[in-house]
Amino acid sequence: MIVGKLYRRALTTLKVMSSKPLIVVCGTTGVGKSKLGIELALALSRGSKKHPFRGAKIINADSMQVYAGMDVITNKVPLEERCGVEHLLMDYKKPGEQLTGPEWIKDAIQAIEETHSQNQIPIVVGGTSYWIQHLIFPERMASLEKPEDGAVSSQDIPLSESFAKALAALPPEMLALFNDLPENAPTADDDPTLAHRLHDLLAAIDPLVSQRWHWRDSRKVLTSLRIILENRRLASEVMKEQSTTIPRPRYRTLCFWLYARPDVLKPRLDQRVDQMIEQGLLNEIRTLRTIASAGSGSALSIDDSAATQEQRMDYTLGIYQAIGYKEFHDYLSSPSPSDAAFRAAVEQMKTGTRRYAKRQVAWIRNKLLPVVNTTNAASQAETGVPAIPMYLLDATELGDAWKTNVHDVAERITEDFLGGEPLPDPATVSDTASELLTVRERPTDPIAVLTANQRRVCDVCTADPSQPHMVDGGLWETHLRSRNHRYMTSKAAKKRYSDSAEQPRGTEAA
């Protein structure tokens, strides 16, 4: 290990875009991220002899907590529990608005720069790891920002050869659609025809990227088309260029991953759902339903069927993605809601919350951690120090164990990080850290990831050829074993048998 002055000298050679420090706290829902962020901010407010910084601000990285109000369904820390620590990028969007990843990143960079200008430390806290990852690694998300006045227009950028060939091969109706892309992505339920046309257009221009998205993922399809339009290159070409270099962090970043064992986290999450209901969850959902109705241009009539109301609500946009909104739809739509329907909705919300927590862990282990490891390996080889020290803190036990395993460890590492002191090996912090920070090598090349996760059409499960049933390539074997696929296979076999039995037998030759 490099020690003392040699370590600090090595830090000056790190290949990061900014040497200013950033602290990140990520992890699953219900594991204590906000609690740790506030504790670190309070510790930094006391100052230190090891570093010149005094004070900190928390920058929200939860895609649901950006919306004003709706404090229960988005699990915001109550104001009185924030202990005076300023929280930025929280409550700054209206519930009916949409916020994309690139927009949040732009806002986060501005908040980070303002915090640095006050000689304070920005602490990014949240569970939207996709946003966090692309904040840390700026060259992995294609920009959709329009050029500023006086800047080079996208029309002045020459077309790549592959893009030019793809455009030349487009039929007139597809070319017209590409030149007049819709401002907002259509919902697959409301306008399946346009959603499918956009996917067909992407498939014609950039087949590799189109096979990654389901035709119903109209927002992702439209985003890919806009990336092509703005960059005047195929989206796959943009990604291929990104993959030729080692990811370079935007800031000198210290990352804490809070983790709790699933068997302990599960009842904790279930209890939190019960508490949310007691705190007024259903009233917030009713308010959201009113906002959604007003946003559609006409209020939902009490005579509308539940199916009609379901169709008008898009659960993939903005705050309507919050767990609980969709799960209580049937209960709140019923003219005479029953206790059984209420219990079913509660259980669906608990199940959805547990699944979300599982996906959050999967993203960190399968997406964020491999990129961090790749970057750190290159940095260690060149400078002898990691570019992004990442520590897993075991938050399984609360009470005194939290102080020992989480609070004290994080505060000590933060002090040394900001003071330029040598840091401990992340694998030595705990047995859990040693286990989970060791992951099998995964491809970080975006093209390799695209190729590995191409979607496949399941003909057996496709009821309407115009709306094919698509399955993520990595989940194909799981799909084949699923109950729905086995049911559809059995149904198709019975139909073939029935059709063959009904066919008239051929007459014997005279």
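These are my notes on one loop residue and several salt bridges in a predicted model.

**Entry: S160.** I started in the loop between α4 (129-136) and α5 (161-168), where S160 sits. Buried or exposed, I wondered about S160? S160 counts as buried, because its relative accessibility is 12% and the cut-off for buried is under 20%. I then looked up its contacts beyond the neighbours within four places in sequence, and found R232, R233, L234 and E237.

**Entry: E161 and K165.** Moving into helix α5, I found a salt bridge between E161 and K165, with the closest N and O atoms 3.3 Å apart. The two residues are four apart in that helix, so about one helical turn separates them. Both E161 and K165 are exposed.

**Entry: salt bridges in general.** How many salt bridges does the structure hold? I noted 13.

**Entry: D91 and K76.** One salt bridge joins the side chains of D91 and K76, at 2.2 Å from N to O. This pair links distant parts of the chain, 15 residues apart: D91 is in the loop between β3 (87-88) and α3 (101-117), and K76 is in the loop between β2 (56-60) and β3. I have D91 as partly exposed at 32% relative accessibility, while K76 is buried at 7%.

**Entry: K350 and D274.** Here the closest N and O atoms of the salt bridge are 3.1 Å apart. K350 belongs to helix α15 (residues 339-383) and D274 to helix α11 (residues 262-278), so the bridge ties together parts 76 residues apart in sequence. K350 is buried, with a relative accessible area of 13%; D274 is partly exposed at 33%.

**Entry: a network.** Last, I looked up K266, D270, E347 and R354, which are linked in a network of salt bridges.

Technical notes:
Residues numbered from 1 in each chain as written. Predicted model: local features only at pLDDT ≥ 70, side-chain atom pairs only at ≥ 80, totals over all residues. Heavy atoms only, no water. Buried < 20%, exposed > 50% of the residue type's maximum accessible area, 1.4 Å probe, protein only. Contact = heavy atoms within 4.5 Å. Salt bridge = Lys/Arg side-chain N within 4 Å of Asp/Glu carboxyl O.
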